[in-house]
Amino acid sequence: VVTISDTIFIFNKYNFFLQENKYLLYKVIVKKIYKPCLITSLTTAFAFLSYYFSEIKPLYDLFLISALAIMLNLIWVIFVTPFLLIFLCAKKTITISVISIVVKKISEFIKTQNSKILWKLCVGICLIFPGIFLINSETNFLNIFFFNSEKIVQDVKKFDQNFAGSSDLSIIFSDESKQKFKNKEFYDFLSNYIKEAKALEEVKATRSYEDITLNALDKLSANSQFQNSEELAQILLFLEFSKSDQNYDVLADYVNFDYSMQRVKLFSNNLTSTQIIELRDNLQKINIHNENIALAGTNIYFDGIIKNLIKTQFYSLLFIIIMIFCLITMIYNIRFAIIASLANIFPLVIITALAALFGVNFDFSFVLVTVICLGIGVDCSIHILNDYAHNQQKLGSHDYTAYAVSEITLFFIVCIAAFLCSDLLIFVKFAILAISTILISYLINIIFVPIAVKSLYHKNIS
């Protein structure tokens, strides 16, 4: 992403300075482009380095190799690309096109605007900002990767409809004394706990050592319920001694060999992440004795991914924005840093609020969209700001930068649009979100950034 966008900017810059002495052209281009390319590469590298804080292993593994690759690409882009352009005598023929017409129209629009449009945009962003907290998360692989029409999804639905459920969740009770599970008081608590768990909407069936012991009690005595702890202990002892080397230990799935842990297994349909969170919270609520419990199983793994995914996204974005702000402040000034930071925060806020409005869940595709679109957006913001910093003349007179931003936007939209043909839901969703975010980022960079600079530095730009 960084290499392609910086190369397009360099090519447009190369054409702009083409009239320079050929032998000095290389030096002029490198001098003009090294600073913005350095910043864009560093900010994108920091975006990947932010995954160092992630507890999701694939993202953690990604951070180092991506950051190194970006810095190697930086060397290629700054020193090799200009040389190749000059050596090959590349020249771009500017013709009337849709891009040039759009750039001209936007340039004319910017010249007629003032800071009021910025305030309107900021107020609009503030109004929709609370909407980002309404978005639901989803990490269930079946719900993320496959369309509802896919055979695998239909098969799971049939399984859920005809059997106890395709997903499971285990509740693990611990006891350091190794005596509690033989105690009738705990046994009664467990019996009530299981009844309340069965009443939960997400739970279709349960299985625990209660089922096995009651079945044995029914066969060995006239009682249907245990009368005291001694009777319970006797049944458990009978089940232990009735097992031979060839027989399966019927208690092994639910009680470990030294009675320090005990398991209750819950069966459910293929649940969404929201349903998993509700189930987890409800299981904690009915634990009125505050027993020492732990949750395990596929549903809990998905729940754990949700927490880490949201935490990763938060710390990643916070880290990136801080680094963008600090770098631009050091190299340019704090005003440029504020403009660039806002220009890259706004598109993410808008797309997240729109996703919440249309019921689109937050998942792995959002993480990819954030990094890629921030990379593209930061590139465009920095090159526009750098162009103004080195050419403090009439803002809007350097349409080659706006032209480059438009080319980059079109290029990535066309490339990402290929994912719309995928059979996997996550790739189609990624394409829609990425294209939407890139378009929003394009409009903010091409309109908001120049007007913001205009408002900060010029009272009138003719």
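**Stop 1: helix α7**

Select K151, K158, Q161 and N162: these exposed residues sit on the face of α7 that is turned away from its buried side. Keep in mind as you click around that this is a predicted model. Now swing the view to the buried residues of α7, which are V153, V156 and D160. Look down the axis of α7 and you'll find these buried residues within an arc of 65°, so they line one face of the helix. What covers them? Show α6 (141-145), β2 and β3, which are included in the cover over the buried residues of α7.

While you're here, try a quick check on the helix's length. Helix α7 runs over residues 151-162, and at 1.5 Å a residue its twelve residues should span 16 Å. Its end C-alpha atoms are 16 Å apart, so the model agrees with the expectation.

**Stop 2: the sheet**

Next, colour the strands. There are four of them in an open sheet, in the order β2-β3-β1-β4, with antiparallel pairing. Which strands stand at the edges? They are β2 (203-207) and β4 (293-296); each has a single partner strand, so one side of each is left without a neighbour in the sheet. Neighbouring strands here are turned by 25° against each other on average, ignoring direction.

Zoom in on β1, residues 167-174, and its antiparallel partner β4: four bridges join the two. For a pair to pick out, select F173 and I293, as F173 stands opposite I293 in β4. Then add helix α11 (residues 273-285), which packs on the sheet and touches β1, β2, β3 (261-268) and β4. The direction of α11 makes about 160° with that of β4.

**Stop 3: helix α10**

Select residues 229-241, which make up helix α10. You can repeat the length check: 13 residues at 1.5 Å each should span 18 Å, and the end C-alpha atoms are indeed 18 Å apart. Which residues of α10 are buried? They are E231, L232, I235, L236 and L239. Seen down the axis of α10, its buried residues fall within an arc of 135°, so they line one face of the helix. These buried residues pack against α8 and α9 (209-220). On the other side of α10, look for the exposed E230, Q234 and F241.

**Stop 4: a residue in α8**

Now pick E196, which you'll find in helix α8 (residues 184-199). Is E196 buried, exposed or partly exposed? Its relative accessible area is 38%, so E196 is partly exposed. Add N287 to your selection: 91 residues separate E196 and N287 in sequence, yet their C-alpha atoms are 9.8 Å apart in space.

**Stop 5: the cores**

Time to look inside. In soluble globular proteins, nonpolar side chains tend to be buried together. The largest nonpolar core here has 73 residues, and those with the most contacts inside it are I328, F448 and V449. Helix α16 (residues 425-457) gives the most to this core, with 15 residues. Select F448 and its contacts: leaving out residues up to four places away in sequence, F448 touches L118, L121, I339, L342, A343, F346 and L443. Another core lies apart from this one; it has 37 residues, among them I235, L266, L295 and F302.

Stay on α16 for a moment and click S441, which is also found in that helix. S441 is buried, with a relative accessible area of 7%. Beyond residues up to four places away in sequence, S441 touches P347 and G377.

**Stop 6: two loop residues with positive phi**

Most residues other than glycine have a negative phi, and most peptide bonds are trans. Here are two residues to set beside that. K178 is in the loop between β1 and α8, and its phi is near 65°, a positive value. Y259 is in the loop between α10 and β3, and its phi is near 65° too. Which is buried and which is partly exposed? At 37% relative accessibility K178 counts as partly exposed, whereas Y259, at 5%, counts as buried.

**Last stop: the whole chain**

Zoom out. The secondary structure of the protein chain comes to 16 helices and four strands. Of its 462 residues, 47% count as buried. Among contacts with a separation of 6 or more, 78% are between residues 24 or more positions apart.

Definitions and conventions:
Residues are numbered from 1 along each chain as its sequence is written. This is a predicted model: local features need pLDDT of at least 70, side-chain atom pairs count only at pLDDT 80 or more; totals for chains, interfaces and linings use all residues. Side-chain values use heavy atoms; hydrogens and water are left out. Two strands pair if DSSP finds at least two bridges between them. Axes are lines fitted to C-alpha atoms, for helices over the stretch in contact, and angles run from 0 to 180 degrees between N-to-C directions. Contact means heavy atoms within 4.5 Å. A nonpolar core is a set of buried Ala, Val, Leu, Ile, Met, Phe, Trp, Tyr and Cys residues joined through side-chain atoms within 4.5 Å. Buried means under 20% relative accessible area, exposed over 50%, partly exposed in between (1.4 Å probe, protein chains only). The expected span of a helix is 1.5 Å times one less than its number of residues. The arc is that of the directions from the helix axis to the C-beta atoms.
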